[in-house]
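Trainee: Please give me a close look at what surrounds the ligand, and then set it beside some other features of the chain.

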Amino acid sequence: MKQPLQAVRGMMDILPGEVEKWRFVEETARTLFHRFGYREIRTPLLEATELFARSIGEATDIVEKEMYTFHDAKGRSLSLRPEATASIIRAFIQHQLHTTRDRKFFLIGPMFRYERPQKGRYRQFHQIDVEAFGIQDPMLDAELMFMAVQLLQTIGIKDVSLELNTLGCPDCRPSFRSVLQGYLKERIELLCPDCVRRIDRNPLRCFDCKVPQCKQALQDAPHIVDFVCNNCANHFELVKSYLDDLGVNYVLNPAMVRGLDYYVRTAFEIVTQHLGAQNAVGGGGRYDGLIKDLGGPDLPGIGFALGVERIMLLMGDLKSDADESSRVDVFMVLLGENARRKGFLIAQKLREAGLSVELDYESKSAKSQMRLADKLGAFVSVIIGDDELKQSIAQIRFMKEGSQRICELDDLVPELLAVVKRTK
Ligand code: AMP
């Protein structure tokens, strides 16, 4: 026998039953974001590799080792998007959206990173991503975090914590960088080879290292919050006070630096205790110089991304209407060729009227058709055989109760509409 093929490692199918949960999350996000003035954008899954190298940063894990990169027939280097910010900025610049009213965007879709798969970490995963351009005001930072927390709460995920830090700006970060480099060099023999390499290339990334010895070595490391300039400090104070006004709880985490190079000032993560090692449900921050760096206007930017698979894991067994909404309203039990032809047409009429209708396409016995109706969770079955056809009637069977009633074929559509509406 041939070996059946499997999905690519780290990439998951989302099967019927699960999909309803996904749609619930996506629709909740769309509704909420709309209230805050965000509009949906969709960008290609493939971009020029250079876009990610320039935005995320050459010396980041993502660009160094996690991208799905290949060359097309003309030798151009293309990559599957590992995150959405760069693509949205690219689209914003390309279509000169700064000349329009659009400055707040969201995108929901798959991202790709070649990481070692484990619970909560996949190679194709999905993000709900939000970006706002051209607004410097710290009020927006607070509002954005408020919105992210509100989304999780609306979905029913409450047990999360918002961690907050400031990362300074190009004016104040260099001085911190050299202090940190000095600190790390003094402990170089304690650090893993990756962190040793990071000292010169990207020392802040050492804070993200999961190796216990590195964690230990960084325990007394200096924190950027103590080195930021007055402007950054003021911004941070205002962000915190607006969060207080909004009643959003947060925890200051001076060691949180986020994995990407482009963040300045506000950085945040939403974490949970319920996902083991992959404890981040989402994260984001400000990236005020990035749009200009990518060839666009000099506009500030801020955004965040939530991981949909992790949201799904946290939703776990939360009650969902998924099963209910996938139930069939009407099942047509059709006996004999004439009834089949008539019933087939009636089924289309019922669907046109808005009901979900299923039938058995093969001429099976009444018993096996009823069994299928049961299996599909139909509210009612409509039974039409030769006798019924002669009298222009049908039997409506209420599946749960087992009771049956007669209905004229001509009245079937309004009758079933009323019946189904009552039972829903
Ligand atoms: P990041 O862009 O790395 O800040 O990621 C934002 C969010 O996306 C994280 O907090 C996760 O919820 C999710 N995420 C990132 N990488 C993965 C992955 N490999 N598998 C599943 N979810 C991920």
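Mentor: Helices (H or I, at least four residues) and strands (E, at least two) are DSSP runs, numbered from the N terminus, and we shall use these labels throughout. This is a predicted model, and for that reason local features need a pLDDT of at least 70 and side-chain atom pairs count only at pLDDT 80 or more, although totals for chains, interfaces and linings use all residues. Residues are numbered from 1 along each chain as its sequence is written, and side-chain values use heavy atoms, with hydrogens and water left out.

Let us begin at the ligand itself. Around the ligand there are 14 residues, of which the closest are Arg113, Glu115, Tyr122, Arg258 and Val281; a residue is near a molecule if one of its heavy atoms lies within 4 Å of it. If you look for the elements behind this shell, you will find that strand S6 (124-133), strand S10 (280-286) and strand S11 (301-307) each contribute at least two residues to it, and that the largest share, 3 residues, belongs to S10.

Now turn to the polar contacts (pairs of N or O atoms within 3.5 Å; within protein, one must be able to donate a hydrogen and the other to accept it, and residues adjacent in sequence count only if both atoms are side-chain atoms). The side chain of Arg113 places an N or O atom 2.8 Å from an oxygen atom of the ligand, while a polar side-chain atom of Glu115 is found 2.6 Å from a nitrogen atom of the ligand. Gly282, by contrast, takes part through its backbone, with an N or O atom 3.2 Å from an oxygen atom of the ligand. On its own the ligand has 480 Å² of accessible area, and the protein covers 91% of that, a value from the Shrake-Rupley method with a 1.4 Å probe.

With that picture in mind, move on to a polar contact within the protein. Thr166 belongs to strand S7 (residues 160-166), and its side chain reaches the backbone nitrogen of Gly168 at 3.4 Å. Thr166 counts as buried because its relative accessible area is 1%, buried meaning under 20%, exposed over 50% and partly exposed in between (1.4 Å probe, protein chains only).

Next come the charged pairs, where the term to know is the salt bridge, a side-chain nitrogen of Lys or Arg within 4 Å of a carboxyl oxygen of Asp or Glu. Over the whole structure a search finds 25 of them, and three examples are worth following in detail.

In the first example, Glu27 and Arg30 meet through their side chains, with N to O at 2.9 Å. These two residues are separated by about one helical turn because they are 3 residues apart in helix H1 (residues 19-35). Glu27 has a relative accessible area of 42% and so is partly exposed.

The second example is the salt bridge of Lys65 with Asp194, whose closest N and O atoms are 3.8 Å apart. This pair links distant parts of the chain, since Lys65 is in helix H3 (residues 61-66) and Asp194 in helix H7 (residues 193-201), 129 residues apart. Lys65 is partly exposed at 42% relative accessibility, and Asp194 is partly exposed as well, at 29%.

In the third example, Lys240 pairs with Glu237, the closest N and O atoms being 3.1 Å apart. Both residues sit in helix H9 (residues 230-246), 3 residues apart, which is about one turn of the helix. Lys240 counts as buried at 13% relative accessibility, whereas Glu237 is partly exposed at 47%. Elsewhere, salt bridges that share partners join Asp61, Glu64, Lys65, Asp194, Arg197, Arg198, Arg201, Arg205 and Asp208 into one network, so the Lys65 and Asp194 that you have just met belong to it.

Finally, consider the backbone. Most residues other than glycine have a negative phi. Gln96, although not a glycine, has a positive phi of about 50°; it is located in the loop between helix H4 (85-94) and strand S5 (104-112), and it is partly exposed, with 46% relative accessibility. Arg265 also has a positive phi of about 50° without being a glycine, but this residue is in strand S9 (residues 264-272), and with 13% relative accessibility Arg265 counts as buried.
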